[in-house]
Amino acid sequence: MNETSIRTFWNSHPCGEDLIGSAHRYTSNYEAFFRRYDEYRYRTEAHIPQCLDAIGFKGQRTLEIGLGQGADSEQIIRRGAIWSGLDLTPESVERVRLRLALRQLPFEALEQGSALAIPFNDRTFDIVYSHGVLHHIPDIERAQEEIHRVLKPQGELVVMLYAKWSLNYLLSIALLRRLGLILLYGGGYTDDSIYGRHLENARQMGLAQYLRMKNFIHRNTDGPLNPYAKVYDLAQVRQDFRKFKVVRAYKRFMHAPPLPVGWLPLQRALGWHLWVHLRPVSG
Ligand SMILES: C[S@@+](CC[C@H](N)C(=O)[O-])C[C@H]1O[C@@H](n2cnc3c(N)ncnc32)[C@H](O)[C@@H]1O
């Protein structure tokens, strides 16, 4: 697994675009694209603005890592942060630059680069925010060291990671989707749909190998072409974020496709998004 394949994936599959249709359909009207994207995002993930409200961004020098379409970037700036952004892909950086220009929002820096080599000085930021990104970085050891380096000693890291103890992981991914694939596998089914892509992956790797959770998980969080993903519980957070201590954690977002579970009041126990607040430890 190298960073080039991860960059290539995210550059050609900008985060969340499949949910509302390609931005390239909106070339003459990106304003409409961003508006539609944000409406969709904050309707289906209405907890995000509430979580952002509780962070206290006002006047804080904030680095956001992994920007996607820049929806949260805009929200963070509107909440008064002195914002800088970093993303691995030119596509995301261009979109966020365009979004912030269209909306005339101020920011300090916007860089294309990697969390593995953060292009900012030591002890620059009060807050590092990263939503849905660090679970896609195989070398998390190095990423957390880099985040520790650029945070001030009293700073805070706020991350959203995929939750292992979630309905999505335990029921949908580990059980239902694997069972579905076994049932479809013998049928000679081929097409360009999500099912066709999973079947193609299974044919290439061999069904038994593909169904092993250490392989299957990568292709079941952000689509069947996604190169790398990991799920977390707090023990795994403590192991991977050695230079931090956990100060607060909570789960949000009932999401377990193909099950329509959004209405279930179980997000705090079985939600898919694990939000964790961490403080740097010295040394
Ligand atoms: C799943 S999207 C999340 C985007 C956004 N935070 C959101 O919640 O919609 C992952 C983003 O992280 C970026 N990314 C992946 N690996 C990265 C790395 N090593 N350094 C910086 N950005 C990275 C991708 O280019 C992509 O824009």
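This is a short chat about a sheet and a pocket in a predicted model.

User: Hi! In what order do the strands of the open sheet come?
Analyst: Happy to help. The order is β3-β2-β1-β4-β5-β7-β6, which makes seven strands, and their pairing is mixed.

User: Which ones are the edge strands?
Analyst: Those are β3, residues 109–112, and β6, residues 244–252. Each of them pairs on one side only.

User: And how are neighbouring strands turned against each other?
Analyst: On average by 15°, with direction ignored.

User: Back to β3 for a second. How many bridges join it to β2?
Analyst: Four, and the two strands run parallel. Strand β2 covers residues 82–87. As an example to look for, S84 has A109 of β3 opposite.

User: Which strands does helix α5 touch?
Analyst: Helix α5, residues 71–78, packs on the sheet and touches β1 (61–65), β2 and β4 (125–131). Its direction makes about 175° with that of β1.

User: New topic: how much space lies in the second largest pocket?
Analyst: About 200 Å³.

User: Which lining residues are closest to its centre?
Analyst: There are 12 residues lining the second largest pocket, and R123, H148, L151, P153 and S282 are the closest to its centre.

User: Which element gives the largest share of that lining?
Analyst: That would be β5, with four residues. Strand β5 spans 151–162, and both it and α7 (140–150) supply at least two lining residues each.

User: Last one: what classes of residue does the lining have?
Analyst: For the second largest pocket, the lining has four nonpolar, four polar and four charged residues.

Conventions: Residues numbered from 1 in each chain as written. Predicted model: local features only at pLDDT ≥ 70, side-chain atom pairs only at ≥ 80, totals over all residues. Heavy atoms only, no water. Pairing = 2+ DSSP bridges. Axes fitted to C-alpha atoms, helices over the stretch in contact; angles between N-to-C directions. Contact = heavy atoms within 4.5 Å. 1 Å grid on protein atoms, 1.4 Å probe; cavity = no way out; pocket = protein on both sides within 12 Å on 5 of 7 lines; lining within 4 Å. Points joined across faces, edges and corners; volume = space filled by probe spheres on them. Nonpolar A, V, L, I, M, F, W, Y, C, P; charged D, E, K, R; others polar.
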